[in-house]
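Biologist: I would like a close look at one part of this protein, with its surroundings described carefully enough that I can follow along in the structure.

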Amino acid sequence: MKTVRTSPHIHGALRTDKAMLFVIIALLPSALWGVWAFGLRALLVLLVSVASALLAEYLLGLVSKEFTLKDFSAAVTGLLVGMNMPPSVPLYIPVIASVFAIAVVKWTFGGLGCNWMNPALAGRVFVFFSFTSEMSAFSLPRWMALDALSSATPLSAMKTAVTAGAAGRSTELLSATIPSTDLALSIADKLGISPYAVDAFLGNVGGCIGEVSALLLLVGGIFLIATGIITWRIPVVYILSFAVLSWVFGGLPYGLGAFHGEILVPVFSGGLMLGAFFMATDWVTTPTTPKGEIIFALGCGFFTFLIRYFGSLPEGVSLAIIMMNIITPTIDRFVKVKPFGYVKKKEKEVKA
């Protein structure tokens, strides 16, 4: 009889390359929508981002003698970097972001499975603070844009209004700077919601290439949950916690008081849906227990709300997830799974 002494004893059929392919499939609808909305320039940014990530992975593999291109993790990192870029960004910026993500964040700490923060997010944050003006030049979709290179996103428009001391609901603050489509106006009138929420949900707003359509990101996220690549806990708790905080306290900066904040516009705008489903759920940088995942997601929601509403930046998803990536080892340390068959000491004494 053979004794097995090492773990794990149970192996799943899901391999890394298969999981990464599923992630790419889930990302493609929103990425292709970005190309359709912003034109071939957006496609070029995506291709440059992916190619830079693959090249960095290949060259570092030559040095370390570990060839990991076949697991598709570098392709996912490059695609996420590209989707987090404005369509008009200079091409050297996604190159720097992808190389930083692969060479510094991933390989410096030992390669796949050893990085302590999400590589794509780290690359995005690095170039954002290095090239802030270039990373803040957004475009409207082609069918809406008259001045495509000077469009504000809903989040940046609201942040500018708050900084200027304006008060009122988001629809009022956005109407002076961002146009709404006729379809959004029609749907919003029937449902009694903001037309900017409708446009952000469908993908008729300015922003980064892969974040503008909340609908397609939601479809991709549901696909990942259905296939078992990610669990529902992090994206659902992240989005819900942010939505509740936005409703309860989001009206304060606009002079509306508590329980008067918008929900749909901030949830569908910016990188929340992309971050919640595709970056906050990274296997390596998130807690390993269900309770830990919930704590992690609550922290992401809280920090995203704090940065967006009370910080100097209009967006806070990337920084919020990175901050919780840093806290992940601490969460895993204190939130542990009870061993099978474990009995507390007091229970043993009572039975005795």
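Which residues do ring pairs link into a cluster? Please start there, and then work outwards to the helix and the core around that part.

Modeller: Please keep in mind throughout that this is a predicted model. The cluster consists of Phe-242, Phe-249, Phe-305, Tyr-309 and Phe-310, which are linked by ring pairs. A search of the whole structure finds 13 aromatic pairs.

Phe-242 leads directly to helix α12, where it is one of the buried residues. The helix spans residues 233–249, and its end C-alpha atoms lie 23 Å apart, which agrees with the 24 Å that its 17 residues should span at 1.5 Å a residue. Most of α12 is covered, with 12 of the 17 residues buried. Besides Phe-242, the buried set includes Arg-233, Ile-234, Pro-235, Val-237 and Tyr-238 towards one end, and continues through Ile-239, Ser-241, Ala-243, Leu-245, Ser-246 and Val-248. The cover over these buried residues includes α11 (214–226), α13, α14 (272–278), α15 (290–310) and α16 (317–334). As a general point for reading such a list, an α-helix has 3.6 residues a turn, so residues three or four places apart point the same way.

The loops on either side of α12 are worth following as well. In the loop between α11 and α12 sits Ile-230, which counts as buried because its relative accessibility is 9%, and the cut-off for buried is under 20%. Leaving out residues up to four places away in sequence, Ile-230 touches Gly-221, Leu-224, Ile-225, Pro-235, Phe-277 and Thr-281. Of these contacts, Phe-277 is 47 residues away from Ile-230 along the chain, yet their C-alpha atoms are separated by 8.3 Å. Pro-235, another of the residues that Ile-230 touches, is itself among the buried residues of α12. In the loop between α12 and α13 (264–268) lies Phe-259, which is partly exposed with a relative accessible area of 49%. The phi of Phe-259 is near 60 degrees, a positive value in a residue other than glycine. For context, most residues other than glycine have a negative phi. A second case is Phe-72, with a positive phi of about 65 degrees; it is found in the loop between α2 (40–64) and α3 (73–83), and at 30% relative accessibility Phe-72 is partly exposed too.

From α12 the path leads into the interior through Tyr-238, which, with Met-85 and Phe-278, touches the most other members of the largest nonpolar core, a set of 82 residues. The largest share of that core, 11 residues, is supplied by helix α1 (residues 16–38). Phe-278 shows how parts of the chain come together here: neighbours within four places aside, Phe-278 is in contact with Val-23, Ala-26, Leu-27, Leu-80, Leu-217, Gly-220, Gly-221, Leu-224 and Met-273. Gly-221 and Leu-224 appear in this list and also among the contacts of Ile-230. Apart from the largest core lies another, of 5 residues, among them Ala-53, Ala-56, Ala-74 and Trp-107. Ala-53 is also one of the contacts of Ser-98, along with Ser-49, Ser-52, Gly-78 and Val-81, when neighbours within four places are left aside. Ser-98 belongs to helix α4 and is buried, with a relative accessible area of 0%.

To set the part in its whole, the protein has 352 residues, of which 50% are buried, and its secondary structure comprises 17 helices and 0 strands. Among contacts with a separation of 6 or more, 73% join residues 24 or more positions apart. The protein exposes about 17200 Å², and carbon and sulfur atoms supply 69% of that area.

Note on methods
Residues numbered from 1 in each chain as written. Predicted model: local features only at pLDDT ≥ 70, side-chain atom pairs only at ≥ 80, totals over all residues. Heavy atoms only, no water. Phe/Tyr/Trp six-rings, centres within 6.5 Å; stacked < 30°, edge-to-face > 60°. Core = buried A, V, L, I, M, F, W, Y, C linked by side-chain atoms within 4.5 Å. Buried < 20%, exposed > 50% of the residue type's maximum accessible area, 1.4 Å probe, protein only. Helix = DSSP H or I, 4+ residues; strand = E, 2+ residues; numbered from the N terminus. Contact = heavy atoms within 4.5 Å. Areas by Shrake-Rupley, 256 points an atom, 1.4 Å probe, with all protein chains shown as cover. Expected span 1.5 Å × (residues − 1).
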